Amino acid sequence: MAKENTQNLIETSDYIGHHLVNLTFGWCEKTSSWGFANHQQELFKGLDSACKVSEMGFWSFHLDTIFMSILLGAVVFGFFGLVNRAAKKGVPGKLQNFAEFVHEFIASAVNSGYHGTSKIVGPLAFASCLWIISWNLMDLLPVEMASFFGHFGGGFNYFKILPTADLNAPLALAIVVMILVTYYSVKTHGAGGFLKELFIVPLGPLEFISYVSKHVALALRLYGNLFAGEMIFILIAIMFGQFAMSFSQTLWFLPGLILNLSWALFHILIVALQAYIFMMLTIAYLNLASTKH
Amino acid sequence: MNINATFFAELLAFCIFVFITYRYIWPSMENLLEDRRKEISDGLEAASQSQRKLEEANKESATILDGAKAEASSLINQANSRADQIVDEAKEQAVEEAKKIKLSAEADIEQSANKAKDGLRDEVAALVIAGAQKILDKEINAKANKDIIDSLIKKI
């Protein structure tokens, strides 16, 4: 009995680990070559000698994150690009109506929150909001789906379809925002004024700490919310998946389904809300940076 | 939670998508919406203008109608008075004509009466002469008595 429990625990942690590891391609110190991490690609057997994901250094790429984010971006921005290209001034069609609705929603947020003159804020808010929403929506797909298709379809044992749950992606967005905030701060207050504000007036270097942390928090807030949501989906899957292992208890499938569905419905809120929060904070930070105070 | 080179890939991708939005998506939609806003406000302006024009035209047509009505009624009045005048004139003319006819009829009557008197006088004279001739056939000279007879005739 005790042994069985240990076995279960190992399986559980394996399962969670499986769902939290990205498909990684990078530089392996041990073999001095570029390649997939250990056990990640069944198509290339004999990679036991390859590095584990944790052994790879900074120069590795999460191919799943990159692929999914660019694919989603291409779909979303391709859609808006095509609709805008075909848009006409007269009575709009349904797709155009949708595109106009989204545009006006974001434009009104920008107009009410940003009082500077920069032309980049609107597009930045638009791009970040829609890209993040498209990422977050991937969280609503069943947790097993990507692994299932990856494993049996392409031989990829590890494939995470949710780019937001990989800190690299939200952090990249936040850093772009930080660079723009710094640029407009320097432009508005001058380099000296900006540095003075950061380190001297009024509370010494505290302002600098807040400056860095608010941008890191911008990334971590988004990452944390979506990562936690994904985690709960995984836990629900484990809880009822394990019970259902024994055939006589297949009925556990049903409460699992209900719980999964209710969490997914609740999660829709988080999906949109986090994207909205990211956009509004971006606008607010840029507004602070480009107005004198 | 491991930060690695994926970060740079995402950074680059984000910059590219922001640029695409900045270049192709955002301004075209802004222009479109601005154009539509302008078109709608133009349309509303045109509508109110034409409303004004319509009111003006209504007013103008009402005045024209009033003028026409006034003109028509004055024409009718004129026609009525003219007709009265014509009737009066005709009456006068008829009366005059009737007088004239009466006068000429009277003259005719007098003339024919005179004629008839003359005829009768001649006939009576002839009869008198014939009777007197018959009476005085033997002794009275027709020529000697002619003066007497003529003066008789004249007296009749």
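**Exercise 1.** Find how many bridges join strand β1 (residues 24-28) of chain A to β2(A), and place both in their sheet.

Solution. Strand β1 of chain A is joined to β2(A) by 4 bridges, and the two run antiparallel. Strands here are DSSP runs of E of at least two residues, and helices are runs of H or I of at least four, numbered from the N terminus. Two strands pair if DSSP finds at least two bridges between them. This is a predicted model, in which local features need pLDDT of at least 70, side-chain atom pairs count only at pLDDT 80 or more, and totals for chains, interfaces and linings use all residues. Residues are numbered from 1 along each chain as its sequence is written, while chains are lettered from A and ligands numbered from 1 in the order in which they are written.

Next, A:S33 in β2(A) is the residue opposite A:C28. The open sheet has 3 strands in the order β2-β1-β3 (chain A), paired antiparallel. Its edge strands, β2 (33-36) and β3 (60-62) of chain A, each pair on one side only.

**Exercise 2.** State how many residues of chain B are in contact with chain A, and of what kinds they are.

Solution. Contact means C-beta atoms, placed from the backbone, within 7 Å. By this rule 27 residues of chain B touch 37 residues of chain A. The chain B side comprises 19 nonpolar, 4 polar and 4 charged residues. Nonpolar covers Ala, Val, Leu, Ile, Met, Phe, Trp, Tyr, Cys and Pro; charged covers Asp, Glu, Lys and Arg; the others, Gly among them, are polar.

**Exercise 3.** List the contacts of A:A125 beyond its neighbours within four places in sequence.

Solution. A:A125 is in contact with A:I106, A:A109, A:V110, A:M279, A:T282 and A:I283.

Methods:
Contact = placed C-beta atoms within 7 Å.
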